[in-house]
Amino acid sequence: MSATPRPPSYRGQTFRDSLSVSLTVGSYGAAFGAASIAAGFSVVQTSLLSLLTFSGASQFAVIGVIGAGGSAISAIATATLLGFRNGLYGLRMAPLLKVRGLRRVLAAHVTIDESTGVALSQESRGEEAMRSGFWLTGIGVFIFWNLFTLAGAFGAQAMGNPAAWGLDAAVPAAFLGLVWPRLVTNTDRFISLAAVALALVLIPISPAGLPVIATAGLAVVIGLRKKDSIPHE
Amino acid sequence: MNKLWWGVMGTSAAVFALKYLGQSIPENYLSHPKFKSINGYIPIVLLSALIGVQTFSEKTKLMIDHRALGLGVALLALMLRAPFPIVVISAAASSALLYHFT
């Protein structure tokens, strides 16, 4: 980090914002750790997902699809489609961060919903605060997410039968918690229900894993039809 | 390597590639409005489909069991603006309770 001095109050507030987001979001890692064990992954595999994939929705998707009996390909495909988001965040963050080499590798790895969100929320405090917010939140979430993943994984391993502890219901509840903030408009809510319906219709007639990835077609159809947000080129 | 390992490694590689690509390509490349619009819906449809699959199926069979109660409780918790951990824990607790009574 650069040693450019900033007004202490700004620095303190950015630090506090980053820390509170890191702790809160990091603690959700426990839910992932437990769910991953319940889906049949080992503690090592669970930890590697949090260390290497480090993107909550994609991680839950892999264990969700494979845990439901889906193939590795459909699991990877689902997780990858969810990971496109991170690429778009990178597009937004790159001109702000201006990093190369190893630092760009690190920046890319911690480009997630929260680091981008906190960086954008610091806009009124200037670019330096935005950069601090990005790095502090990205690294903070990384640390807590991985610690809590491990705690959740060991906890679930000690529990045994996932259904007896409600872990099998914790996974869809986590998905619901992840999608909830995205359901802003009536169109969003309609699409969400349509995706549930399509997946349920496909379950008895297609191999496990396919019903989930197939709903991506719904996003394409509706995204292409949406005219109001498309300015002329 | 079994499918669990393929899932772990394949996903990690793919997601990192996307993150790195985003940091490295010019901004106007993927900023076509239709692409953005589709991409905005992707998390909604996939996460919603996962909710359906994880709650109402076992392999390729549809079913309603204790998990449905857990999801209902989670929905209620979200409507009452409960934080994420409460949503997950209340779903797990109610589902486990029903599991033990059936």
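Modeller: Before we start, one definition: the domain bounds we'll use come from an automatic or database domain assignment. Also, keep in mind that this is a predicted model.

Colleague: Okay, so into which domains is chain A divided?

Modeller: Domain 1 of chain A covers 8-166, and domain 2 of chain A covers 183-233. Taken over C-alpha atoms, the centres of domain 1 of chain A and domain 2 of chain A are 25 Å apart. Their contact takes 10 residues from domain 1 of chain A and six residues from domain 2 of chain A. On the domain 1 side of that contact, α5(A) gives the most, with five residues. That side divides into five nonpolar, five polar and no charged residues.

Colleague: Let's step back to whole chains. How many helices and strands does chain A have?

Modeller: Chain A comes to 12 helices and zero strands. Chain B, on the other hand, has four helices and two strands. Read chain B from the N terminus and you get α-α-β-β-α-α.

Colleague: And what does the radius of gyration say about chain B, compact globule or more spread out?

Modeller: The idea is to set the value beside what the globule rule gives for that number of residues. For the 102 residues of chain B the rule gives 13 Å, but its radius of gyration is 19 Å, well over that, so chain B is more spread out than a compact globule. Along its principal axes, the C-alpha trace of chain B spans about 55 × 40 × 25 Å.

Colleague: What radius of gyration does chain A have?

Modeller: Chain A has 19 Å, which agrees with a compact globule of 233 residues, where you'd look for something near 17 Å. Its C-alpha trace spans about 60 × 55 × 30 Å along the principal axes.

Colleague: Now the place where the chains touch. How many residues does each chain bring to the contact?

Modeller: Chain A brings 88 residues and chain B brings 63 residues. Among the helices of chain A that each supply at least two residues to its side are α3 (43-53), α9 (167-179) and α12 (216-225). The most comes from α5(A), with 19 residues. The chain A side divides into 59 nonpolar, 23 polar and six charged residues.

Colleague: Can we zoom in on helix pairs? At what angle do α2 and α8 of chain A pack?

Modeller: In general, two packed helices are described by the angle between their axes and the distance between the axes. Here, helix α2 (residues 29-38) of chain A and helix α8 (residues 127-159) of chain A pack at about 40°, with axes 6 Å apart. That makes α2(A) oblique to α8(A). The crossing of α2(A) and α8(A) is right-handed. To find the place, look for Phe32(A) and Ile37(A), among others, in α2(A), and for residues including Phe144(A) and Trp145(A) in α8(A). Their contact divides into 13 nonpolar, eight polar and no charged residues.

Colleague: Then there's a pair that bridges the chains. How do the axes of α12(A) and α2 of chain B cross?

Modeller: The axes of α12(A) and helix α2 (residues 33-56) of chain B cross at roughly 145° and come within 8 Å. This crossing of α12(A) and α2(B) is right-handed. On the α12(A) side you'll find Leu218(A) and Ile222(A), among others, while the α2(B) side includes Lys34(B), Tyr41(B) and Leu46(B). The contact of α12(A) with α2(B) divides into 11 nonpolar, two polar and one charged.

Definitions and conventions:
Residues numbered from 1 in each chain as written. Chains lettered and ligands numbered in written order. Predicted model: local features only at pLDDT ≥ 70, side-chain atom pairs only at ≥ 80, totals over all residues. Contact = placed C-beta atoms within 7 Å. Nonpolar A, V, L, I, M, F, W, Y, C, P; charged D, E, K, R; others polar. Axes fitted to C-alpha atoms, helices over the stretch in contact; angles between N-to-C directions. Parallel < 35°, antiparallel > 145°, perpendicular 65-115°, else oblique. Left-handed = near helix turned anticlockwise from the far one by under 90°. Rg over C-alpha atoms; globule rule 2.2 N^0.38 Å.
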